Amino acid sequence: MESSLYDFIILGASGFTGKHVVRQALQFLNPSPSFPLKSFALAGRNPTKLSETLKWAANLHSPPPIPLLIADITDPQSIHRLCTQTKLILNCVGPFRRYGEPVVAACVETGCDYLDICGEPEFMEKMEADYHERAVENGSLVISACGFDSVPAELGFMFNSKQWVGESAPNRIEAYLSLESKNKIVGNFGTFESAVLGVANADQLVQLRRSRARRPRPRIPGPCPPKGQFVEHNKETGLWAVRLPSADSPVVRRTLSSLAETPHGLPGVNERVEEIEQRTAFWSSVKPARFGVKIGSKSLIGISQIIAVGMIMGKLAKSSFGRWLLLTFPSVFSLGCFEKKGPSKDEVDSASFKMWFVGHGFRNKNGKGSGEVDMTIVTRVMGPEIGYVATPIILVQCALIVLSKREVLPNGVLTPGIVFGPTDLQKRLEENGICFDVISKNVKL
């Protein structure tokens, strides 16, 4: 078993999200030679918990003979050993600012590929700064944010952008996230911890960005839109909304910077002529735009709760004692939005998301005339609960694409959008319960 080569290894398989990734992966395990996933293994510190995870994921049926491997983030040799046994690591161990770098370093060193579910901008951008060139040299592909952060935002942005056909062009595309449930919505504690640490270390992200050379920015028609109100009532979606400081906007901007550097996308390791043509055609249909994300609620009470949680976190996360309070009593200081035990099965089953993309732009791509936008296109991405259902679906589908189409994918530390945009990821997600729809197209006469 030690000498076997697995298609991928799920690291952190016994964690809150990891066990749901295992359950999702089992649905695609097939020994057929024509199937991309023939074998995978689970890895973590505790073999008992890994065994219990496998039984749970198999839904009490006799679990398949999935290998259980012992590995510890604090033991670099154990992580290095994992990378030599597999083509791909699926990393579910967060917060990534604390535990992610040793795994990325081992993958890059060994030429192993890497996907994670990170939503932490500083970690992702630091890994790009420190490991991209080495990953290219060693033939490693490292992609963070392969979960709800930030694939729906990336593909949703591209889906809206591609609706601007002919001479029309977007000036800005704004995403409005609505989390919906028949029961109360309880978030993953790991997500809360990552957010707290992100707020606490916001200055480090600013310093990191200032230390790096500025990347090219895409040319976008029309002037920069005004900042707008702190709380907005959006007429296209019917939501009250405030800006969401998530990873989505930085990730999309990094994708657009990559596209500004290489307008036809990044070449794959060993593309054929038809694959080059497909990639070129795809990126020629994507038009850049300014992008932002807001979180919305149908009521002012709901948006007031979101604002209150943001203010509490922003105040307390700056001190060590405040962080201790936040992370020790998450339910109290998040007003019930996050709990250490996570949501119940009923809460997960009843939850869903809608992400609206409202594009404002011009019928004429040069924005001639008054300079005011005269065209609006609204699209939507919607699907199941974001943390335990949508994220495993997205991660596993990204992994299957890497396994089946590795030769047409590039090397390096990259964003999901620039890698998976030209692939069939959107189609795969639609086949697994995540929908993409055009809602409306309006032209101001």
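**Exercise 1. Find out how the chain is divided into domains, and how much area is buried between them.**

Step 1: The chain splits into domain 1 (6–148 + 391–421) and domain 2 (151–385 + 434–443); these bounds come from an automatic or database domain assignment. Before going on, note that this is a predicted model, where local features need pLDDT of at least 70 and side-chain atom pairs count only at pLDDT 80 or more, while totals for chains, interfaces and linings use all residues. Residues are numbered from 1 along each chain as its sequence is written, and side-chain values use heavy atoms, with hydrogens and water left out.

Step 2: The C-alpha centres of domain 1 and domain 2 are 24 Å apart.

Step 3: Now look for contacts, meaning heavy atoms within 4.5 Å. 33 residues of domain 1 touch 39 residues of domain 2 in this way.

Step 4: Buried area is the accessible area (1.4 Å probe) that two parts lose on being put together, summed over both. Between domain 1 and domain 2 that comes to about 3200 Å², with carbon and sulfur atoms giving 63%. On the domain 1 side, Glu 125, Phe 148 and Ile 418 lose the most, together 22% of what that side buries.

**Exercise 2. Work out which parts of the chain the salt bridge between Asp 7 and Lys 87 ties together.**

Step 1: A salt bridge is a side-chain nitrogen of Lys or Arg within 4 Å of a carboxyl oxygen of Asp or Glu. The whole structure has 23 of them, and five cross the interface of domain 1 and domain 2.

Step 2: Asp 7 and Lys 87 fit the rule, with N to O at 3.1 Å. Asp 7 sits in the segment before strand 1 and Lys 87 in the loop between helix 3 (76–83) and strand 4 (88–91), so the pair ties together parts that are 80 residues apart in sequence. Helices (H or I, at least four residues) and strands (E, at least two) are DSSP runs, numbered from the N terminus.

Step 3: Check the cover: buried means under 20% relative accessible area, exposed over 50%, and partly exposed in between (1.4 Å probe, protein chains only). Asp 7, at 4%, is buried, while Lys 87, at 41%, is partly exposed.

**Exercise 3. Decide whether helix 1 is mostly covered or mostly open.**

Step 1: Helix 1 spans residues 18–26, and seven of its nine residues are buried, so count it as mostly covered.

Step 2: Among those buried residues are His 20, Val 21 and Leu 26.

Step 3: Their packing partners are strand 1 (8–11), strand 2 (40–44), helix 2 (47–57) and helix 16 (386–404).
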